[in-house]
Amino acid sequence: MIREATRRLRQHLPAPLVGALRRVIVAWGMATASLRPPPEIIVVGAQRAGTTTLFRLLSEHPQLRRPTVDKGTGYFDDAYRRGPRWYRAHFPVRRPGGRQKAFECSGYYLFHPLAAERIARDLPGCQVVVMVRDPVARAYSAHRHELARGYEGLGFSEAVALESERTRGLTQTLAAEPAAASFAHRHHCYLQRGHYAEQVQRFVDALGADRVHVIDADVLFADPIATYLQLQERLGLSPYRPAVVGRWNERPGPPLPVELELRLRAHFEPHDAALAQLIGHVPSWRREEP
């Protein structure tokens, strides 16, 4: 009920009032944090890899309960300093006798160098879901997303050419300084976010392979019901068939120049090979056409 009221008010109120409403909801959540169980499932990313679609699907599942305001909290990346009470404030109050599990979806967790160890330390038994997507398409989509949000001023070709220079040393800084945050690391790492194997491995090392579930976005969209049912089984959920599976939060754009696409495919080749070895099969975007 709170979530629906917030959604409607957000559509009609000025941004400052929406922000004030969020603060009131979080303050109430902190006052009742002891009644709010933390999540048992987290969708950790990757950004622009179908996470919004999966969030919508999980939100409909009768055994799951989403955060009260937004789809994610960002706690285990830039908001960790706010503490566990602040984090629990974002989840629903435990229902008497209820057995539903809370979950969230924060797409920067996969890429942030400290998120995996923080989740492992603070949420024993939590399961994470990783969404992967053709890294060339993901990078291009992420760039359009950042442009639309006003966080990027360069064209895609220039942005990827300058990425290493713009983001040099930022991962190491974030890993070494737990209170640090970086705008460029969060918004301008178009290629690095597609180096999936090293990010998935970080979660496997921290949580164990049995708690890390990798989903190929293209496979999900090609056969959504079957893929979603398989994920539910791996998460220990009762089977639930959604009535509709959409592609939410898409940002279609013009095709990439062929030369640039081929250059990016070559860049990602060793990273895709490492991912295939880690998950035990070739990802959809590297499979030979029949």
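**Figure 1. Arginine 48 in the loop between β1 and α3.** In this predicted model, arginine 48 is buried, because its relative accessible area is 10% and buried means under 20%. Arginine 48 sits in the loop between β1 and α3. Look at its backbone too: phi is positive, about 60°, although the residue is not a glycine. For context, most residues other than glycine have a negative phi, and most peptide bonds are trans. That second point is worth keeping in mind for another residue of this loop, alanine 46. Glycine 45 and alanine 46 are joined by a cis peptide bond, with omega at about 5°.

**Figure 2. Helix α3 and its buried residues.** How many of the 10 residues of α3 are buried? Seven of them are, and the helix is mostly covered. The buried set consists of Thr51, Thr52, Thr53, Leu54, Phe55, Leu57 and Leu58. What do these buried residues pack against? Their partners are the strands β1, β2, β3 and β4, together with the helices α12 (217-222) and α13 (224-234).

**Figure 3. Proline 62, in the loop between α3 and β2.** Moving on from α3 (51-60), the view takes in the loop that leads to β2 (64-65), where proline 62 is placed. Is proline 62 buried or exposed? Its relative accessible area is 52%, so it counts as exposed, the cut-off for that label being over 50%. Proline 62 still has contacts: leaving aside neighbours within four places in sequence, it touches Gln100 and Tyr240. Lysine 101 is 39 residues away along the chain, and its C-alpha atom is 9.5 Å from that of proline 62.

**Figure 4. Proline 96, in the loop between α4 and β3.** Here is another loop proline, found between α4 (84-88) and β3 (101-105). Proline 96 is exposed, with a relative accessible area of 84%. A C-alpha to C-alpha distance helps to place it: proline 96 and methionine 30 are 66 residues apart along the chain and 19 Å apart in space.

**Figure 5. Helix α11 and its buried side.** Helix α11 runs over residues 196-207, 12 residues in total. At 1.5 Å a residue it should span 16 Å, and the 17 Å between its end C-alpha atoms agrees with that. The buried residues of α11 are Tyr196, Ala197, Gln199, Val200, Phe203 and Leu207. Why do they lie on the same side of α11? They cover an arc of only 165° around the axis, which puts them there. A general point about helices fits in here: an α-helix has 3.6 residues a turn, so residues three or four places apart point the same way. The packing partners of these buried residues are β1 (41-45), α5 (115-122), β4 (127-132), α6 (135-149), β5 (212-216) and α14 (258-279). Just after α11 comes glycine 208, whose phi is positive at about 100°.

**Figure 6. Where α5 meets α11.** The axes of these two helices come within 9 Å and cross at roughly 25°. Angles under 35 degrees count as roughly parallel, and α5 and α11 are therefore roughly parallel to each other. The crossing of α5 and α11 is right-handed. Which residues make the meeting? From α5 come Ala115, Ala116, Glu117, Ile119 and Ala120, and from α11 come Arg202, Phe203, Ala206 and Leu207.

**Figure 7. Isoleucine 119 and its surroundings.** Zooming in on one residue of helix α5, we find isoleucine 119 with a relative accessibility of 0%, so it counts as buried. Not counting residues up to four places away in sequence, isoleucine 119 touches Ile42, Val44, Phe76, Tyr109, Cys126, Val128, Phe203 and Leu207. Two of these contacts, Phe203 and Leu207, are also listed among the buried residues of α11. Arginine 234 is 115 residues away along the chain, with 19 Å between its C-alpha atom and that of isoleucine 119.

**Figure 8. Arginine 144 in helix α6.** This last view shows a residue of α6, a helix that the buried residues of α11 pack against. Arginine 144 has a relative accessible area of 18%, which makes it buried. Phenylalanine 156 lies 12 residues from arginine 144 along the chain, and the C-alpha atoms of the pair are 8.2 Å apart.

Notes: Residues numbered from 1 in each chain as written. Predicted model: local features only at pLDDT ≥ 70, side-chain atom pairs only at ≥ 80, totals over all residues. Heavy atoms only, no water. Helix = DSSP H or I, 4+ residues; strand = E, 2+ residues; numbered from the N terminus. Expected span 1.5 Å × (residues − 1). Buried < 20%, exposed > 50% of the residue type's maximum accessible area, 1.4 Å probe, protein only. Arc of directions from axis to C-beta. Contact = heavy atoms within 4.5 Å. Axes fitted to C-alpha atoms, helices over the stretch in contact; angles between N-to-C directions. Parallel < 35°, antiparallel > 145°, perpendicular 65-115°, else oblique. Left-handed = near helix turned anticlockwise from the far one by under 90°.
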